[in-house]
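Biologist: I would like a close look at a single part of this protein, namely the enclosed spaces and the residues around them. Please describe that part in full and relate it to its surroundings.

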Amino acid sequence: MPIETIVVRTLGELVDHVTPREPDPVTGHRRDVGVYRGAADASRPLLTSLDRLGGIDPPHTKAKLEAHILRNFVRYSRPYMDASITDEWEVLVAAQHHGLPTRLLDWTYSPLVAAHFATVGAGRGTDRAVWRLDWQRVHETFGFPPLSLLPQDVARALDRTESRGEQGVSPWRLFESDPERTPFACLIEPPSLDERIVAQSAVFTLCSDTSRSLDRFLEEQGLADALMRLVVPAADVARIRDQLDLVGVDERRLFPDLDGVAAQMCRYYS
């Protein structure tokens, strides 16, 4: 089954396609269980920053450097790291949040936030995309609870996926190549490291496989139906961008600091 692709030309169409049609059987509420990712090029696969470290065309990974990169981040970031961050998974999350190449992939609970990132920062003439991931379907398939995992919960949750049965799986253990490892993907909800994470409703996916893009991995695991790609044609990008600005989804709100104010001003007056 191929990944469902839908063309949307307005912000209203995008919202309509991600609004749940059926109420939750337990609560009776119409609750979306998706997370979203904006892409400045609809034709690109879901590559992590670790994948992109080696370039995008053709996609390949620098997975062998993964442990070295994080180890040096730990070494040099200590003077600037919040003293409350002691869990190794929180360190990995903080590294991703500050731009270090990792196997984590950024998502958001808000389709509007994803649409913002899809419609800024790229050249004209390119179709954009908002990806939707049904993460609870992914968790169900790989045996994780129907809750996003906090960093301190990841080690315990991964114990069940490791064939060696080791306790307290660390990022370093995950970085090791292990042909016997049971493949998995899961959703991690980061702590509120700063105001940006809160404003952007940020979350991350973690995948055991760094040899392929997340969309290809999910397809090979029979989870293509957990993904949806909402494509914004190049001709409609400006309209959706204006609509996002009208509802207050812009740099100043999503980056609540001087950088965000400056970025919003630059785009507005460009």
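Modeller: The account below begins with the cavities, follows their linings into the salt bridges, and then turns to the pocket and the surface. The model is a predicted one.

A search of the whole structure yields three cavities of 30 Å³ or more. The largest cavity holds about 110 Å³ of space. Its lining consists of Thr48, Asp51, Arg103, Leu105, Thr205, Cys207, Asp209, Thr210, Arg212, Ser213 and Leu214. By class, these residues comprise three nonpolar, four polar and four charged.

The second largest cavity encloses about 50 Å³. Around it stand Leu133, Trp135, Val138, His139, Ala185, Cys186, Leu187, Thr205, Leu214 and Leu218. Helix H6 (135-142), strand E5 (185-188) and helix H10 (214-220) are the elements that give two or more residues to this lining. Here the classes are eight nonpolar, two polar and no charged residues. Thr205 and Leu214 are named in the lining of the largest cavity and again in that of the second largest cavity.

Two charged residues of the largest cavity's lining, Asp209 and Arg212, lead on to the salt bridges. Asp209, Arg212, Arg216 and Glu220 are linked in a network of such bridges. Within this group, Arg212 pairs with Glu220, and their closest N and O atoms are 2.4 Å apart. Arg212 is partly exposed, because its relative accessibility of 25% lies between the limits of 20% and 50%. Glu220 is likewise partly exposed, with a relative accessible area of 45%.

In total, 16 salt bridges are counted. One of them joins Asp236 to Arg9, with 2.8 Å between the closest N and O atoms. Asp236 lies in the loop between strand E7 (227-232) and helix H11 (237-246), and Arg9 in the loop between strand E1 (4-7) and helix H1 (11-18), so this pair ties together parts that are 227 residues apart in sequence. Asp236 counts as buried, at 6% relative accessibility, whereas Arg9 is partly exposed, at 41%. A further bridge is formed by the side chains of Asp41 and Arg44, at 3.7 Å from N to O. Asp41 is partly exposed, with a relative accessible area of 23%, and Arg44 is also partly exposed, at 30%.

The open space may be considered next. The largest pocket contains about 910 Å³. It is lined by 36 residues, of which Arg37, Gly38, Arg52, Asp106 and Phe117 are the closest to its centre. Among the elements that each supply at least two lining residues are strand E2 (34-39), helix H4 (88-97), helix H5 (111-118), helix H9 (195-199) and strand E6 (202-207). The lining has 19 nonpolar, 10 polar and seven charged residues.

Ser201 occupies the loop between H9 and E6, two of the elements that contribute to the pocket lining. This residue has a positive phi of about 50°, although it is not a glycine. Ser201 counts as partly exposed, at 28% relative accessibility.

On the surface, finally, Val261, Met265, Tyr268 and Tyr269 form a nonpolar patch with about 450 Å² of accessible area together. Tyr268 belongs to helix H13 (residues 258-269). Tyr268 counts as exposed because its relative accessible area of 56% is over the limit of 50%.

Notes: Residues are numbered from 1 along each chain as its sequence is written. This is a predicted model: local features need pLDDT of at least 70, side-chain atom pairs count only at pLDDT 80 or more; totals for chains, interfaces and linings use all residues. Side-chain values use heavy atoms; hydrogens and water are left out. Patches are made of residues with over 30% relative accessible area and no salt bridge: like charges are joined within 9 Å, nonpolar side chains (Val, Leu, Ile, Met, Phe, Trp, Tyr) within 5 Å. Accessible areas come from the Shrake-Rupley method with a 1.4 Å probe; for residues, only the protein chains shown count as cover. A salt bridge is a side-chain nitrogen of Lys or Arg within 4 Å of a carboxyl oxygen of Asp or Glu. Helices (H or I, at least four residues) and strands (E, at least two) are DSSP runs, numbered from the N terminus. Buried means under 20% relative accessible area, exposed over 50%, partly exposed in between (1.4 Å probe, protein chains only). On a 1 Å grid over the protein atoms alone, a cavity is a set of points where a 1.4 Å probe fits but cannot get out, and a pocket is an open set with protein on both sides within 12 Å along at least five of seven lines; lining residues have an atom within 4 Å of a point. Grid points are joined across faces, edges and corners, and a volume is the space filled by probe spheres set on the points. Ala, Val, Leu, Ile, Met, Phe, Trp, Tyr, Cys and Pro count as nonpolar, Asp, Glu, Lys and Arg as charged, and the others, Gly among them, as polar.
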